[in-house]
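Here's a quick briefing to read with the model open beside you. Take it one topic at a time and find each piece in the 3D view as you go.

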Amino acid sequence: MLKGTLPPRNISYKRLFKNKTSLSILVFSLLFVMFSIYLITHNISYKNSIASNHGSDNTSIDENHVGSENILKKDPSNVDKSTLQNERSFNNSNLITDNRGVPVLYYHSVREPAENEVTITPENLRIQLEYIKNQGYTTLTLDELKNYLLNNSPIPEKSIVITFDDGYMDNYYNAFPILKNLNMVATIFCITSDLDGSYYLSKEAIKEMSDYGIDIESHTVSHPKLNQLPYDKQLNELKESKETLESITGKKVEAVAYPFGDFNDDSVIAAKNSGYTLAFTTKRGLSDRDDNILKLDRIYISSKYDINTFKEVLAQTKK
Ligand SMILES: [Zn+2]
C-alpha cells in the first residue's frame, strides 16, 4: 500500500471504512493519476532519446540519461573524450572483435597542383574518400582503434582510419570540408615548430578541427629522423610537441607518427615515457594486435595512385 494513503492512527478505522466503496474509488483514482503521470513523462523522455540518437554524429550522447540535472548539456567540457567515444553506437554494422586488423591510410598535403608524390589534389582525395564511404567503411577515431587493439572493443567489420602527416594548412582548407561533407573522422599528425597558418596549420585551425572531432596528434617538433638522435633529444621532440598540441586543443595527445617512419628502440621507450599509447610507422600493413602498439603499421597512399590502384592497395593489404 502507498504510504500517502494511510490514515492517521487516531482515526477509527470503523468510521473510515464506513463507506468502503468511496474509499476504493479514491484509492483507485489516485493510482490511476499517478500511473498516467508516469506514462506521460516516460513517453516524452523516450521520444527525446530517439530524436537525439537519430541526429547523432560520432560523438553524440543520449543526454536524457543524465536526467533532469542535464549536466552534460550545460557543460560539454565535463565530458571525458573517451566517454563520448565509448557511447558511439555503430548502427547497422556487423561488429567484430577478432584480430583481423584495421587499415590506417596516410596522406600528406592536399592541394592543387599536386606537383609531387605526397600532394594529392582535393578532387582525387574526394574520389577516394567517397569510394571508402560507398564501400560501407566506418572511419574510426584513434581512441576507438586503441580500444579495439588493447581492450578487444567491438568495431564495425569494415573499419578504417584516415590520417594526414605533417599538418599542412591545406588540410584545413581542402581536406577538412570533404571530411565534414562525408561525415568522416580523421587524424592529423602535426609538426609543431611553425604553427603559423601559412605552410603548417594555424593554432586556430587546429582548435576548430579538434572541436569538430578530428584527432590532432603529434609528428614531433621539427620532423627529425628520430633514430639519428640521442635518447634525450628524442624525448624532447616527443614531449614538447605533445604539450604544445594539448595546450591548443585542451585534449590529450596520445599518438605519434614517427617522421619518415624512422625510429629505433630509444624512440619506442621515449614515446612511452612521454605518455603516448599509440605510435605509427610507415611499414605497410594493417594495424593489428600482432603489432607492438608503439610500432603500428599503416598504408601509404601515393598521389600517383589512380582509383584502381587505390582500390587494389586497400583490398590487398592483409594482416
Ligand atoms: Zn612527415
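Tyr106 stands opposite Tyr300, a residue of strand E12. This is a predicted model, so keep that in mind as you look around. Tyr106 belongs to strand E2, residues 104-107, and two bridges join E2 to E12, with the strands running parallel.

**Strand E12 and its partners**

- E12 covers residues 296-300, and four of its five residues are buried, so the strand is largely enclosed by the rest of the structure.
- Strand E11, residues 278-284, also pairs with E12 in the parallel sense, over two bridges.
- To find where E11 meets E12, look for Arg284, which stands opposite Arg298.

**Strand E2**

- E2 is covered on both faces. Val104 and Tyr106 are buried on one side, while Leu105 and Tyr107 are buried on the other.
- E2 also pairs with E7, again in the parallel sense, and this time over four bridges.
- Pick out Val104 and you can trace one of these links: its bridge partner in E7 is Val161.

**Helix H7**

- How far apart should the ends of H7 be? This helix has 13 residues, 169-181, and at 1.5 Å a residue they should span 18 Å; the end C-alpha atoms are 19 Å apart, which agrees.
- H7 has a kink of about 40° at Ala175, shortly before the proline Pro177.
- Ala175 is also one of the buried residues of H7, along with Asp170, Asn171, Tyr172, Asn174, Phe176 and Leu179.
- What covers these buried residues? The cover includes three strands, E3 (109-110), E7 (159-166) and E8 (187-190), plus the helices H5 (122-134) and H8 (203-212).
- Just after H7 comes Asn183, and its phi is positive, near 55°.

**Two residues to compare**

- Is Ala186 buried or exposed? It has 25 C-beta neighbours inside 10 Å, so it counts as buried.
- Ala186 sits in the loop between H7 and E8.
- Ala186 and Ile162 are 24 residues apart along the chain, yet their C-alpha atoms are separated by 4.9 Å.
- Leaving aside neighbours within four places in sequence, Ala186 is in contact with Thr139, Ile162, Thr163, Phe164, Leu179 and Ile214.
- Now try Leu150, which lies in helix H6, residues 142-151. Leu150 has 12 other C-beta atoms within 10 Å, so it is exposed.
- Leu150 and Asp288 are 138 residues apart in sequence, but C-alpha to C-alpha they are 9.7 Å apart in space.

**The whole protein**

- Zoom out and you'll find eleven helices and twelve strands.
- Of the 319 residues in the protein, 33% are buried.
- Take the contacts between residues at least 6 apart in sequence: 63% of them join residues at least 24 apart.

Definitions and conventions: Residues are numbered from 1 along each chain as its sequence is written. This is a predicted model: local features need pLDDT of at least 70, side-chain atom pairs count only at pLDDT 80 or more; totals for chains, interfaces and linings use all residues. A residue is buried if 20 or more other C-beta atoms lie within 10 Å of its own, exposed if 12 or fewer, and partly exposed in between; C-beta atoms are placed from the backbone. Two strands pair if DSSP finds at least two bridges between them. The expected span of a helix is 1.5 Å times one less than its number of residues. The bend at a residue is the angle between axes fitted to the seven residues ending there and the seven starting there. Two residues are in contact if their C-beta atoms, placed from the backbone, lie within 7 Å.
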